[in-house]
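Please open the model in your viewer, set it to a cartoon representation, and keep a selection tool ready. The tour below goes from one selection to the next and says what is to be found at each stop.

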Amino acid sequence: MNATTTLLVVDDDAEIRDLLSRYLSDHGFRVLTAGDGAQMRAVQAAHAIDLVILDLMLPGEDGLAICRRLRAESQLPIIMLTARTDNLERVVGLELGADDYITKPFEPRELVARIRAVLRRTRPETPLPEPTPRAAAVGCYRFAGWILDPEARSLRDAAGRSVELSPGEFDLLMAFVQSPRQVLDRDRLLERTRGGEATPFDRSIDVQVSRLRRKIEDTHLSPNLIQTVRGAGYIFTAKVVRE
């Protein structure tokens, strides 16, 4: 029997709950919803949940308190929904045990990709809805024998083997494949990978580039795909084809 992956969306905004329920259902998930912590507990008592999508700003018991309680009770995967300016709450939520976060407003396709990535990482035994062959091919980027799938947030080599990327590494690679053979300065790359969290003189992008090179280059000591342009930034030299 092919079990269905069950998601629980906890948000006090009925419009967001309805939007996510319809969109995620269209992508093969079973979706349950709750408007607050009390409703969430009732749903959990009646259904087996595979992943929770949790808004931080909730009436009564807020999202951080719920996240703390969930993590104390189980290893149920949690993706937080957070306002773009709530950087402190976002950090605290991750420290409390959330597996990922996505900021509002968000692109529903990105949420689907993050759900799949978290489930693959935290609950590999959980069956995921299979995309249709057409959906799996459309939108992928091919370069130097690699296949980057934005919807699944996955990177595969020519033999089909997956390479694990952190969220920051994935966003950085997306920035490169969307602007191949163009010099991208550090500020632009930081904006793509960290948004409003980036600060002046932030050099974390150099660390991310180094880590990414180790995963996609033949040798990170003599990089060919991601080259440093002294005083300017980085350039992605590969020919990129989008399908």
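Begin with Leu190, which counts as buried because its relative accessibility is 3%, under the 20% that marks the limit for that class. In this predicted model, Leu190 has its place in helix H8, which covers residues 186-194. If you add Ala175 to the selection, you will have two residues that are 15 apart along the chain, with 9.9 Å between their C-alpha atoms.

Before moving on, zoom out to the whole protein, which has nine helices and 13 strands. Of its 243 residues, 46% are buried, and among contacts between residues at least 6 apart in sequence, 57% join residues at least 24 apart.

Now select Leu155, which lies in strand E8 (residues 154-156) and is buried, with a relative accessible area of 0%. Which residues does Leu155 touch, not counting those up to four places away in sequence? They are Phe143, Trp146, Ile147, Leu148, Arg161, Ser162, Val163, Leu165, Leu173 and Ile216. For Leu173, the separation from Leu155 is 18 residues in sequence and 9.7 Å in space, taken from C-alpha to C-alpha.

Next, display helix H7 (residues 167-178) together with helix H9 (residues 204-216), whose axes come within 10 Å and cross at roughly 85°. This crossing angle makes H7 roughly perpendicular to H9. On the H7 side, the contact is made by Gly168, Glu169, Leu172, Leu173 and Phe176, while H9 contributes Ile205, Gln208, Val209, Arg211, Leu212, Lys215 and Ile216. Colouring the residues of this contact by character should give seven nonpolar, two polar and three charged. Leu173 and Ile216, which take part in this contact, are also among the residues touched by Leu155.

Turn then to the open sheet of five strands, where the order to trace is E2-E1-E3-E4-E5 and the pairing is parallel. Strand E2 (30-34) and strand E5 (100-104) stand at the edges and have a single partner strand each, so one side of each is left without a neighbour in the sheet. From one strand to the next, the twist averages 20°. For a view of the pairing at one edge, select strand E4 (residues 78-83) with E5, since these two are joined in the parallel sense over five bridges; here Met80 stands opposite Tyr101 of E5.

Keep the sheet visible and add helix H5 (residues 108-122), which packs on it by touching strand E1 (6-10), strand E3 (51-55), E4 and E5, and whose direction makes about 170° with that of E5. H5 has 15 residues and reaches 21 Å from its first C-alpha to its last, close to the 21 Å expected at 1.5 Å a residue. Its buried residues are Pro108, Leu111, Val112, Ala113, Arg114, Ile115, Arg116, Ala117, Val118 and Leu119. What do the buried residues of H5 pack against? Their partners are E1, helix H1 (14-26), E3, E4, E5 and H7.

For the last stop, select strand E11 (residues 226-229) and strand E12 (residues 233-236), which run antiparallel and are joined by four bridges. Thr228 has Tyr234 of E12 as its bridge partner. The two strands, E11 and E12, form a hairpin with three residues between them, and in the turn Gly231 has a positive phi of about 75°.

Notes. Residues are numbered from 1 along each chain as its sequence is written. This is a predicted model: local features need pLDDT of at least 70, side-chain atom pairs count only at pLDDT 80 or more; totals for chains, interfaces and linings use all residues. Side-chain values use heavy atoms; hydrogens and water are left out. Two strands pair if DSSP finds at least two bridges between them. Axes are lines fitted to C-alpha atoms, for helices over the stretch in contact, and angles run from 0 to 180 degrees between N-to-C directions. Contact means heavy atoms within 4.5 Å. Angles under 35 degrees count as roughly parallel, over 145 as roughly antiparallel, 65 to 115 as roughly perpendicular and the rest as oblique. Ala, Val, Leu, Ile, Met, Phe, Trp, Tyr, Cys and Pro count as nonpolar, Asp, Glu, Lys and Arg as charged, and the others, Gly among them, as polar. The expected span of a helix is 1.5 Å times one less than its number of residues. Buried means under 20% relative accessible area, exposed over 50%, partly exposed in between (1.4 Å probe, protein chains only).
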